[in-house]
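Okay, thanks for making time, everyone. I'd like to walk you through one model today, so have a look at it on the screen while I talk.

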Amino acid sequence: MEQEFWHQRWAENQIGFHRDTVHPMLIRHWPSLAPQSDETVLVPLCGKSIDLNWLAEKHQHVIGVELSEIAVRAFFSENLYTPQVYRAPSGHTHYCFDELELINGDFFTARLSPMPLIYDRAALVAMPPAMRAQYVSHIRTLLAPGGRLLLITLFYPQADDTPPFSIDASVVEEAFQGLDIRLLETHTEPDGERGEQVWLIKTAAS
């Protein structure tokens, strides 16, 4: 989507995608990644998710990237954190507090090194089909050798072209072809037409 779309959503507080509790699939399936506390976690398009707090309790460095300054500032104010703030040469603003580092700006131009762990709950489903390949290609470059991605997707009968976008299994399997892909869980709502899936995607060790 155009960046202005997301700026407007946050400005108007149209953030139905935000959860007030830690995502239960994260809690259940994070151990499947065999994560180590000294492994850095990257969270693309993190918003003000409290999943960041949960991850920071288990890891020494958690990096979130978020386009909206409103979301980043809300995360720190709502958690009563006072971050150190600096502007990087890339033009992105970094907010740092203990284990947490939130980078405010465009995810595609942020200067990031390959990471051992990535958590995606709200990024792939936010990408329109026209941007999906660009996002997946970028994520693949950001997965270090032996890296693991925990990916949560949604499926539902989509009647419009606004996010979150419904993503079926074939989309995930095609996007990450060549990597180790494993479906960990499918949760279907009572109507049988909508639900969530969680995936573990791994790169080969060097």
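I'll go from confidence to the sheet, then to the rings, and finish with some backbone oddities.

First off, please keep in mind that this is a predicted model. The mean pLDDT of the chain is 91, and 91% of its residues reach 70 or more. If you go element by element, helix 1, residues 3-11, has the lowest mean pLDDT, at 59, while strand 6 has the highest, at 98.

So, the sheet. What is the strand order in this open sheet of 9 strands? Reading across, you get 3-4-5-2-1-6-7-9-8, and the pairing is mixed. Strand 3 and strand 8 are the edge strands, each pairing on one side only. On average, neighbouring strands here are turned by 15 degrees against each other, ignoring direction.

Let's zoom in on strand 6. Why can we call strand 6 largely enclosed by the rest of the structure? Well, 6 of the 6 residues in that strand, 115-120, are buried, so the rest of the structure largely encloses it. On one flank, strand 6 pairs with strand 1, residues 41-44, in the parallel sense over 2 bridges. If you want to find that on screen, valine 41 has leucine 117 as its bridge partner in strand 6, and leucine 42 has isoleucine 118.

Then there's strand 7, residues 143-155, which runs parallel to strand 6 and is joined to it by 5 bridges. One spot to click on is methionine 115, whose bridge partner in strand 7 is leucine 143. To get from strand 6 to strand 7, the chain goes through helix 5, residues 129-142, and that β-α-β crossover is right-handed.

Now back to strand 1, and over to strand 2. Those two run parallel, with 4 bridges between them, and you can see valine 43 standing opposite glycine 64 of strand 2. Here too we have a right-handed β-α-β unit, made of strand 1, helix 3 (residues 51-56) and strand 2.

Strand 2 covers residues 62-66, and 5 of the 5 are buried, so this strand is also largely enclosed by the rest of the structure. Which residues of strand 2 point which way? Val62, Gly64 and Glu66 go one way, Ile63 and Val65 go the other, and all are buried. Yes, that list has a glutamate in it: Glu66 is among the buried ones. In strand 5, the bridge partner of glutamate 66 is asparagine 104. Strand 2 and strand 5 run parallel, joined by 5 bridges.

Right, on to the rings. Searching the whole structure turns up 8 aromatic pairs. Take tyrosine 81 and phenylalanine 97: their ring centres are 4.5 Å apart and their planes are at 15 degrees, so that pair is stacked. Tyrosine 81 sits in the loop between helix 4 and strand 3, and phenylalanine 97 is in strand 4, so the pair ties together parts that are 16 residues apart in sequence. Tyrosine 81 is partly exposed, at 24% relative accessible area, and phenylalanine 97 is partly exposed as well, at 22%.

Compare that with phenylalanine 107 and tyrosine 135. Their centres are 5.9 Å apart with the planes at 40 degrees, so this pair is tilted. Phenylalanine 107 is in the loop between strand 5 and strand 6, and tyrosine 135 is in helix 5, so here the parts tied together are 28 residues apart in sequence. Both phenylalanine 107 and tyrosine 135 are buried.

There's also one aromatic cluster, formed by Phe75, Phe76, Tyr81, Tyr95 and Phe97. And for the charge fans, lysine 58 has its charged end over the ring of tryptophan 54, 4.0 Å from the ring centre.

Last bit: backbone oddities. As background, most residues other than glycine have a negative phi, and most peptide bonds are trans. Alanine 34, though, has a positive phi of about 50 degrees. You'll find alanine 34 in the loop between helix 2 and strand 1, partly exposed at 46% relative accessibility. Leucine 80 also has a positive phi, near 60 degrees. Leucine 80 lies in the loop between helix 4 and strand 3, and with a relative accessible area of 76% it is exposed.

And where's the cis peptide bond? From proline 163 to proline 164, with omega near 0 degrees. Proline 164 is in the loop between strand 7 and helix 6.

Methods: Residues are numbered from 1 along each chain as its sequence is written. This is a predicted model: local features need pLDDT of at least 70, side-chain atom pairs count only at pLDDT 80 or more; totals for chains, interfaces and linings use all residues. Side-chain values use heavy atoms; hydrogens and water are left out. Buried means under 20% relative accessible area, exposed over 50%, partly exposed in between (1.4 Å probe, protein chains only). Two strands pair if DSSP finds at least two bridges between them. A crossover is right-handed if, with the strands pointing away from the viewer, the path from the first strand over the helix to the second runs clockwise. Rings of Phe, Tyr and Trp (its six-membered ring) pair if their centres lie within 6.5 Å; planes under 30 degrees apart count as stacked, over 60 as edge-to-face and the rest as tilted. A charge sits over a ring if NZ of Lys or CZ of Arg is within 6 Å of the ring centre and within 35 degrees of the ring normal. pLDDT is the predictor's confidence in each residue, from 0 to 100. Axes are lines fitted to C-alpha atoms, for helices over the stretch in contact, and angles run from 0 to 180 degrees between N-to-C directions.
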